[in-house]
Amino acid sequence: MKRLIHNYANTFKGLSKEVWWLALVTFINRAGTMVIPFLSLYLKEDLKFTLSNVGSIMVCFGLGSILGSWLGGKLTDRIGYYKVMVRSLVSTGILFITLQFLNTFYTLCLGIFLVMLVADMFRPAMFVALSAYSKVENKTRSVTLIRLAINLGFSAGPAVGGLIITSLGYGGLFWVDGITCLLATLVMVLVLNPRKSKEQDDIVVKNPDSAYYDKAFVIFLISMFLFGVIFLQYFSTMPIYYREKHFLSELEIGLLLGANGFLIFLLEMPLIKWLEGTHLSKVVLVKIGLVLTTLSFLILNFTTWSGILIVGMFLMTVGEMIAFPFSNAFALERAKKGNQGEYMALYSIAFSLAHIFGHKTGLKMVDELSFDTTWYIITALGAGGVFSLFILKNYLKTKA
């Protein structure tokens with residue numbers, strides 16, 4: 001047992017103190033965003049919106065995310081990651097508290113758009129901060145540590161969120177979300193010193209290439225968009241599937257979603273360290289992650305046994321553990337060619353676009369077709385993402 005703990009601890013060696021502080025800030029922030037997994041249920045059951053209206057509101061979620069990611073990238077390259085992160089966290093906290101007082105369709109569309117606009121300015125800035133505080137050889141593991149913080153927060157968030165809903169109602173979630181964002185800001189200001197990062201010459205490239213003309217990166221973004229559409233079903237259509245087809249309560253849904261984050265916290269860092277030792281390319285590893293995530297939907301059509309939900313969650317979790325860190329590392333690697341803010345903004349925007357099309361399309365398919373048909377279509381999209389990565393791998397070989 002001691003050897004197992006020792007080996008696990010060794011996977012974290014070599015990471016800078018600043019990366020650990022950044023992980024703590026991210027954990028506090030992510031633990032508070034417990035509204036997000038329950039947003040579709042809140043809109044449908046508490047505010048009594050139709051699935052079509054829920055889908056439209058989620059489109060605003062994605063639009064705000066796109067503009068926020070783009071703006072965050074621009075501001076990061078212009079004024080620096082630290083200022084962007086602090087201002088984003090403070091504003092997000094205030095907006096989350098305000099969001100609970102909106103209850104009409106149009107005010108919620110505007111409110112959620114503004115929340116995501118401000119909140120997702122944080123993401124490209126955080127990626128650039130991560131690169132600034134990390135040694136080259138530790139970038140993938142640094143990304144993994146941040147993801148561990150995110151998922152540890154996510155494992156606690158939905159479980160606690162389910163308890164808050166059953167005792168205080170949905171309104172309590174908005175207060176917790178807002179307060180934790182403000183708390184994360186306070187921690188960041190107190191412990192994270194921007195002057196401890198690498199010299200700016202290591203971050204800014206003279207005569208940078210435009211990310212928009214990097215063909216390999218564009219192909220990569222297409223695959224990430226498709227992966228995002230698939231993955232994000234777990235935050236819109238899947239909670240409704242759990243409720244309507246398997247009759248799970250909010251607490252049970254929260255525990256199932258929380259198990260995802262807990263497994264990632266326990267297993268992701270050792271898994272990433274082992275996969276790095278296999279010397280498989282980042283593109284191949286992302287492809288494996290996408291295949292496993294896609295299978296998590298396909299198997300749901302094979303049986304009505306509720307235990308399959310746990311199997312599906314496990315497959316998705318392993319797929320996520322592989323795909324996200326290595327896709328993140330691939331994006332950071334390509335960003336050496338140009339402005340890091342621009343590259344990481346586009347990486348974030350790929351998932352923001354998935355928010356626009358994924359939630360709306362998934363909910364519409366469930367409403368007009370069926371869950372089974374929806375999962376088959378999601379599987380087809382996953383196959384398209386795998387094919388895109390196959391094209392990317394061959395393209396990179398020709399340019400090697």
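**Close-up views of an all-residue predicted model**

**View 1. Helix 7 is largely enclosed by the rest of the structure, because 11 of its 12 residues are buried.** This is a predicted model. Helix 7 covers residues 122-133. From first C-alpha to last it reaches 16 Å. At 1.5 Å a residue, 16 Å is also the expected figure. The buried set starts with Phe122, Pro124, Ala125 and Met126. Phe127, Val128, Ala129 and Leu130 are buried too. So are Ser131, Ala132 and Tyr133.

**View 2. The whole protein has 16 helices and 0 strands.** The chain holds 400 residues, and 58% of them count as buried. Take the contacts with a separation of 6 or more: 87% join residues 24 or more positions apart. The accessible surface comes to about 16,800 Å². Carbon and sulfur atoms own 68% of that surface. Salt bridges number 3 across the whole structure. Views 4 to 6 take up these pairs.

**View 3. Helix 13 is mostly covered.** This helix runs over residues 282-298. Of its 17 residues, 13 are buried. How far apart are its end C-alpha atoms? They are 25 Å apart. The span expected for 17 residues at 1.5 Å a residue is 24 Å, so the two figures agree. Lysine 282, in helix 13, counts as partly exposed because its relative accessibility is 25% and buried means under 20%.

**View 4. Arginine 334 and aspartate 214 meet through their side chains in a salt bridge.** The N to O distance is 2.7 Å. Arginine 334 lies in helix 14 (residues 308-334), while aspartate 214 sits in the loop between helix 9 (171-191) and helix 10 (215-231), so the pair ties together parts that are 120 residues apart in sequence. Are the two partners buried or exposed? Arginine 334 counts as buried, at 18% relative accessibility. Aspartate 214 also counts as buried, at 6%. The cut-off explains both calls: buried means under 20% relative accessible area.

**View 5. Glutamate 333 forms a salt bridge with lysine 282.** The pair links distant parts of the chain, with glutamate 333 in helix 14 and lysine 282 in helix 13. The two residues are 51 residues apart. Their closest N and O atoms are 3.3 Å apart. Glutamate 333 has a relative accessible area of 40%, so this residue is partly exposed. Lysine 282 is partly exposed as well, at 25%.

**View 6. Glutamate 368 and lysine 364 form a salt bridge between side chains.** N to O, the distance is 2.9 Å. Both residues lie in helix 15 (residues 340-368). They are 4 residues apart, about one turn of the helix. Glutamate 368 is exposed, because its relative accessible area of 55% is over 50%. Lysine 364, at 44%, is partly exposed.

**View 7. Leu67, Trp70, Tyr212 and Tyr213 make a nonpolar surface patch.** The patch has an area of about 470 Å². Which helix holds tryptophan 70? Tryptophan 70 is found in helix 4 (residues 51-79). Its relative accessible area is 36%, so tryptophan 70 is partly exposed. Patch residues need over 30% relative accessible area, which explains why tryptophan 70 can be included.

Definitions and conventions
Residues are numbered from 1 along each chain as its sequence is written. This is a predicted model: local features need pLDDT of at least 70, side-chain atom pairs count only at pLDDT 80 or more; totals for chains, interfaces and linings use all residues. Side-chain values use heavy atoms; hydrogens and water are left out. The expected span of a helix is 1.5 Å times one less than its number of residues. Buried means under 20% relative accessible area, exposed over 50%, partly exposed in between (1.4 Å probe, protein chains only). Patches are made of residues with over 30% relative accessible area and no salt bridge: like charges are joined within 9 Å, nonpolar side chains (Val, Leu, Ile, Met, Phe, Trp, Tyr) within 5 Å. Accessible areas come from the Shrake-Rupley method with a 1.4 Å probe; for residues, only the protein chains shown count as cover. A salt bridge is a side-chain nitrogen of Lys or Arg within 4 Å of a carboxyl oxygen of Asp or Glu. Contact means heavy atoms within 4.5 Å.
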